[in-house]
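Q: Please take a close look at a single part of this structure. Pick one element, say where it sits and what it touches, then set it against the rest.

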Amino acid sequence: MGVILKPIDIVDDISKEDFFEKYLKPRKPVVIKNMARKWPAYQKWTMEYMKEVVGDVTVPLYDSSKADPAAPINAPTTEMKFADYIDLIQREPTDLRIFFFDPIKKANKLLDDYISPKELMGGFLDKYPSMFFGGKGSVTFLHYDIDLAHIFHTHFNGRKHILLFDYKWKERLYKLPYATYALEDFDISNPDFKKFPALDGIEGIECFLEHGDTLFMPTGWWHWMKYLDGSFSISLRAWDKSWAVKAKSLYNLTIQRNLDNFMKARFKKKYMDWKEKKAVERANYALKRGLPKK
């Protein structure tokens, strides 16, 4: 059976009414082709332009290696001058990525180049955009965003391969306890079903982003991303109207994350071994029970 992937819906443009009824209300992903074509960034955001406006600031870099049991989530692997990193990803494949780069702190000029899609929905966190850079072949591990925001993810200067899974599949995806990411021992794009049988039969959505494409990812959707070229993206975030989602977001950002970091620091490998064991047990239980129910 394998991982069952359907192609994502793609639209050139969309009205507020259609967006609400077809995608926001049912929380379904979609790619919008023309949204960013109206932004100054569509023409301006080249690699050389990024080097010019950001300059030689030192940025933290992340790779695809399995997380250190004692380190907080999203701990960087190394660091590099931004201009040197841009040269690197244009020159050759690398698994080094820039994760959650804040353009406000480093390059205020970039804020004039994009427009939050407020004609589609409200709740945007305009002061908190984030940018992501990756070399050809680099991978963002399977996870969902801890703040549970709706995300408009626009890609530039290359291609990106993305797999998406509804939150309801969390146990079958080997979700780690007290975390928003999955067990890192499998490749969701080519899983070993003998070692990870719960992945067999899960359903998801596949998409490929090109320059200027915008992916709408509703709150809670799991995503795995692979840079097919050295390229970058910007994510614009908006709150869900549900107070239950907001409360869960607050819990994730405060209690859950702090507890997880404390347990990692205190018990290190013993704690991570327990988390991985629980992820496998829960995945096997969900598979045995035929969860989630359709």
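A: Two strands pair if DSSP finds at least two bridges between them. Helices (H or I, at least four residues) and strands (E, at least two) are DSSP runs, numbered from the N terminus. The model is predicted: local features need pLDDT of at least 70, side-chain atom pairs count only at pLDDT 80 or more, and totals for chains, interfaces and linings use all residues. Numbering starts from 1 along each chain as its sequence is written, and side-chain values use heavy atoms, with hydrogens and water left out.

The close look goes to α3. This helix covers residues 47–54. The helix is mostly covered, with six of its eight residues buried (under 20% relative accessible area, 1.4 Å probe, protein chains only). Those buried are Met 47, Tyr 49, Met 50, Lys 51, Val 53 and Val 54. What do the buried residues of α3 pack against? Their partners are three helices, α2 (41–44), α4 and α5 (103–106), and three strands, β6 (97–101), β7 (130–134) and β14 (231–238). Contact here means heavy atoms within 4.5 Å.

Take α4 next, residues 82–91. The axes of α3 and α4 come within 9 Å. They cross at roughly 170° (lines fitted to C-alpha atoms over the stretch in contact, angles from 0 to 180 degrees between N-to-C directions). α3 and α4 are therefore roughly antiparallel (over 145 degrees). On the α3 side, Met 47, Glu 48, Met 50, Lys 51 and Val 54 take part. They meet Phe 82, Ala 83, Ile 86, Asp 87, Ile 89 and Gln 90 of α4. Met 47, Met 50, Lys 51 and Val 54 also appear among the buried residues of α3. After α3 comes Gly 55, with a positive phi near 80°.

Now the wider setting. The chain has six helices and 14 strands. Five of the strands build an open sheet with mixed pairing, ordered β1-β11-β10-β13-β8. Its edges are β1 (4–7) and β8 (139–143), each paired on one side only. Neighbouring strands in this sheet are turned by 20° against each other on average, direction ignored. Inside that order, β10 (residues 160–165) and β11 (residues 203–209) run antiparallel, joined by five bridges. Lys 160 stands opposite Leu 209 in β11.

Finally, the whole chain. Of its 294 residues, 50% count as buried. Among contacts with a separation of 6 or more, 81% come from residues 24 or more positions apart. Along the principal axes, the C-alpha atoms fill a box of roughly 50 × 45 × 35 Å.

Definitions and conventions: Parallel < 35°, antiparallel > 145°, perpendicular 65-115°, else oblique.
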